[in-house]
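Let's walk through how this one is put together, starting with the rings and ending with the charges.

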2 protein chains.
Amino acid sequence: MTNRNVVSFENIKVACKNCSLATLCLPMGLSPEDMERLDSIVKRGRPFHRGDHLFREGDNLHSLRVITSGSVKTFTPSEDGGEQVLSFHLPGELIGLDAIQNESHTCSAKALETTAVCEIPFHNLEELSSSMPSLQHQMYRLLSREIGQDSEMLTLLGKKSAEERLATFLLSFSERFKKRGFSATDFFLSMSRHEIGNYLGLAVETVSRLFTRFQDEGLLHVERKHVQLLDLPRLTTIVHGNENGRSHQRHV
Amino acid sequence: MTNRNVVSFENIKVACKNCSLATLCLPMGLSPEDMERLDSIVKRGRPFHRGDHLFREGDNLHSLRVITSGSVKTFTPSEDGGEQVLSFHLPGELIGLDAIQNESHTCSAKALETTAVCEIPFHNLEELSSSMPSLQHQMYRLLSREIGQDSEMLTLLGKKSAEERLATFLLSFSERFKKRGFSATDFFLSMSRHEIGNYLGLAVETVSRLFTRFQDEGLLHVERKHVQLLDLPRLTTIVHGNENGRSHQRHV
DNA sequence: AAAAACACTTGATCAAGCTCAATACAAATT
DNA sequence: AATTTGTATTGAGCTTGATCAAGTGTTTTT
C-alpha cells in the first residue's frame with residue numbers, strides 16, 4: 001500500500017496538468033482531457049549534466065524537447081571547431097523545431113547545467129495534433145513565435161551596437177526569469193562570457209568590458225555569473241537606441 | 001459558349017494543380033483531391049505594384065500569402081524611419097508565418113516590383129489542415145524551414161565578414177533562381193543596394209565597393225541590377241570562410 | 001596543497017567597415 | 001532637351017570593436 005501511494009504520488013507530480021510551466025509550454029490552451037492525451041506521449045528521462053549533448057547537428061529527429069529545469073544552448077558547430085550560438089533556453093521552452101523540415105537536426109543542443117527535459121516524440125505529436133485542433137493551434141503558435149524571435153535577433157545583429165546588444169540580452173533574461181516566477185533583477189547566468197559573446201556577435205573581451213562599464217555606471221552589479229540589475233529604466237533606454245547619449249547609430 | 005470556355009480556361013490556369021510552383025509551395029506532397037480542397041480556399045487578387053504594401057506591422061493576420069510572380073521584401077520598421085530588412089521572397093515562397101503567434105503581423109511586406117500573390121485565409125487553412133494530415137505536415141515543414149533559414153542568417157550576421165556576406169547573398173539567389181528554372185548565373189536583383197546592405201548588416205557604400213571589387217577580381221559582372229556570376233567555385237570558397245586568402249576571421 | 005587548466009579581466013594596438021562628402025549615373029518629370 | 005530626383009560609386013578619415021598579449025582569479029586534477 002505504501003508502495004502504491006509513492007508510485008501514484010510520483011505519477012501525479014510529473015504530469016503536465018501539475019506542471020507550473022504548462023502555460024508556457026505545449027499544453028497551453030488545452031482542455032484537461034486533451035492535456036492528458038498529450039501527457040500520455042510525453043517521456044521523462046534522466047537529467048542531463050553540464051556539457052551533455054541533448055542532440056547533435058545531423059541527428060535524426062526523434063523528439064521535440066521541453067526544458068523543465070536547468071538551461072540549454074543551441075548552436076551550429078562549424079568545420080574549424082568554432083560555433084554559432086543560436087539561443088539559450090530556459091524551462092518551458094521547446095527545442096528541436098528546426099529539425100521538422102528534414103527530420104534531422106540542423107543545430108546541436110548542450111546542457112549548460114544540470115537539466116531535465118520532457119521528450120515528445122514528434123511523430124506521435126503530429127498524429128495527436130491532427131485530432132486535436134487546439135494542440136495543432138498551439139504548435140503553429142510556437143513555431144511562429146520562434147520565427148518572430150529570430151527576426152528580433154536579426155535586428156539585434158544587423159543594427160545594434162555592442163552596448164545595445166548586451167542590454168537587450170540582460171533584459172531578455174530578466175523578463176524570462178520574471179515570467180517563471182524568479183527575480184527579474186537578481187539572477188545567475190548559466191553560460192560563459194565566451195558564449196554570451198558568441199551569441200551576441202561580440203568578442204569575449206568586449207562582453208567583459210561592457211559588464212565592467214555597466215557596473216561602473218551603476219546599471220548593474222556583476223560578480224562572475226551572478227547579475228543584479230540595478231537600473232532597469234536606464235537599461236531599457238539603452239536597448240531602444242539611447243538617442244540621448246550616443247551620437248553614432250550603426251548605419252540606419 | 002465562347003464565354004464559358006474562356007471562364008473555364010482561366011479557372012484551370014490559376015489552379016494549384018497547374019501551378020509550376022506547387023512543389024515549392026503548400027500543395028507539395030498533397031494528393032490531387034487534397035490539392036483541390038486547398039485550392040478552394042485560395043484567393044487570387046489583383047497584382048501589387050512596386051512599393052505597395054502587402055501588409056504592415058501590426059495588421060491583423062487574415063491570410064498567408066504565396067508569391068506567384070515578382071518579389072517582396074519583409075522588414076521591421078523602427079520608430080526613426082529606419083528599418084531592418086528580414087528577407088527577400090521569390091515566387092513559391094510563403095510569407096506571413098510570423099503573424100500566426102498573435103494573429104498580428106510583426107513585420108511589414110512590400111512589393112519590390114510588380115508582384116502577384118495567392119492569399120490563403122489562415123483560419124480556413126488551419127481548419128483544413130486539421131482534416132488533412134499531409135497539409136498539416138507541410139505546414140510544420142514550412143514553418144520549420146523558416147526557422148532553419150533564420151538560423152543561417154544569424155550565423156551570417158554574427159560571424160561572417162562583409163565579403164562573405166555578399167557572396168552568400170549572391171549564391172543564395174543563384175540557387176533560388178535555378179530552382180525556379182531561371183539562370184543560376186545571370187539574373188536581375190529587384191532590390192536596391194541600400195536594401196541589400198540593410199539585409200546584410202552592411203552600409204550601402206560597403207556593398208557597392210564589394211560589387212566593384214568582385215568584378216575587378218573576375219568573380220562576376222555587374223551593371224546596376226543585372227548580375228552575371230562568372231566564377232561560382234570561387235564565390236563558394238568565399239562563402240565558406242576563404243581559409244586561403246584572408247588572414248583574419250571575425251572572432252571565432 | 002600544488003599544479004594545471006580554464007575563465008575572466010584589463011590594456012595596447014590595429015583594421016574592417018562606417019560616416020561624411022563629393023561625384024557620377026539613371027530615371028522621371030517638366 | 002533640360003531639370004529634378006533618386007540611386008550608385010568612389011575617396012578620405014574616423015570609430016567601434018576585434019585582435020594580441022599579459023595578468024588575475026577560479027575551478028579541477030593530481
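## Rings in the core

Phe88(A) and Tyr199(A) are both buried. In this predicted model, the two rings make an edge-to-face pair, with 5.0 Å from centre to centre and 65° between the planes. Phe88(A) belongs to strand S5 (residues 83–89) of chain A and Tyr199(A) to helix H6 (residues 193–200) of chain A, so the pair ties together parts that are 111 residues apart in sequence.

Over in chain B, Phe177(B) and Phe187(B) go for a tilted arrangement: 4.9 Å centre to centre, 35° between the planes. Here the partners are helix H5 (residues 162–179) of chain B, which holds Phe177(B), and strand S9 (residues 186–188) of chain B, which holds Phe187(B), so the link spans parts that are 10 residues apart in sequence. Both of these Phe residues are buried too.

Over all chains, the aromatic pairs number 19. Back in chain A, ring pairs connect Phe88(A), Phe169(A), Phe173(A), Phe177(A), Phe182(A), Phe187(A) and Tyr199(A) into a cluster. Phe173(A) also has a charge over its face: Arg176(A) sits 4.8 Å from the ring centre. In chain B, Arg176(B) lies over the face of Phe173(B), again at 4.8 Å from the ring centre.

## A well-covered helix

Which residues of H6(B) are buried? They are Glu195(B), Ile196(B), Gly197(B), Asn198(B), Tyr199(B) and Leu200(B), and that makes six of the eight residues in helix H6 (residues 193–200) of chain B.

The cover comes from both chains. Chain A contributes helix H4 (133–159), while the elements from chain B include strand S4 (72–77), strand S5 (83–89), helix H4 (133–159), H5 and helix H7 (204–216). Right after H6(B) comes Gly201(B), with a positive phi near 70°.

## How the two chains meet

Chain A lands on chain B after a rotation of 180° with 0.0 Å of shift along the axis, at an RMSD of 0.0 Å. That is how a two-fold axis relates its copies. Both copies use the same surface, as 100% of the contact residues of chain A recur in chain B.

Each side brings plenty to the table: 43 residues from chain A and 43 residues from chain B take part in the contact. Together the chains bury about 4000 Å², with 55% of that on carbon and sulfur atoms. Tyr140(A), Ile147(A) and Leu154(A) account for 18% of the area chain A buries against chain B, more than any other three residues.

## Where the charges pair up

How many salt bridges cross the interface of chain A and chain B? Zero, by the rule used here, although the structure holds 18 over all chains.

Take Glu36(A) and Lys17(A), whose side chains meet at 3.7 Å, N to O. Glu36(A) is in helix H2 (residues 32–41) of chain A and Lys17(A) in the loop between helix H1 (2–13) and H2 of chain A, 19 residues apart. Lys17(A) is exposed, at 55% relative accessible area.

Glu93(A) and Arg180(A) form another salt bridge, at 3.2 Å, N to O. Glu93(A) sits in the loop between S5 and strand S6 (94–95) of chain A, and Arg180(A) in the loop between helix H5 (162–179) and strand S9 (186–188) of chain A, so this pair ties together parts that are 87 residues apart in sequence. Both Glu93(A) and Arg180(A) are buried.

Key. Residues numbered from 1 in each chain as written. Chains lettered and ligands numbered in written order. Predicted model: local features only at pLDDT ≥ 70, side-chain atom pairs only at ≥ 80, totals over all residues. Heavy atoms only, no water. Least-squares fit on C-alpha atoms with pLDDT ≥ 70 in both. Contact = heavy atoms within 4.5 Å. Phe/Tyr/Trp six-rings, centres within 6.5 Å; stacked < 30°, edge-to-face > 60°. Helix = DSSP H or I, 4+ residues; strand = E, 2+ residues; numbered from the N terminus. Buried < 20%, exposed > 50% of the residue type's maximum accessible area, 1.4 Å probe, protein only. Lys NZ or Arg CZ within 6 Å of the ring centre and 35° of its normal. Buried area = accessible area lost by both parts, 1.4 Å probe. Salt bridge = Lys/Arg side-chain N within 4 Å of Asp/Glu carboxyl O.
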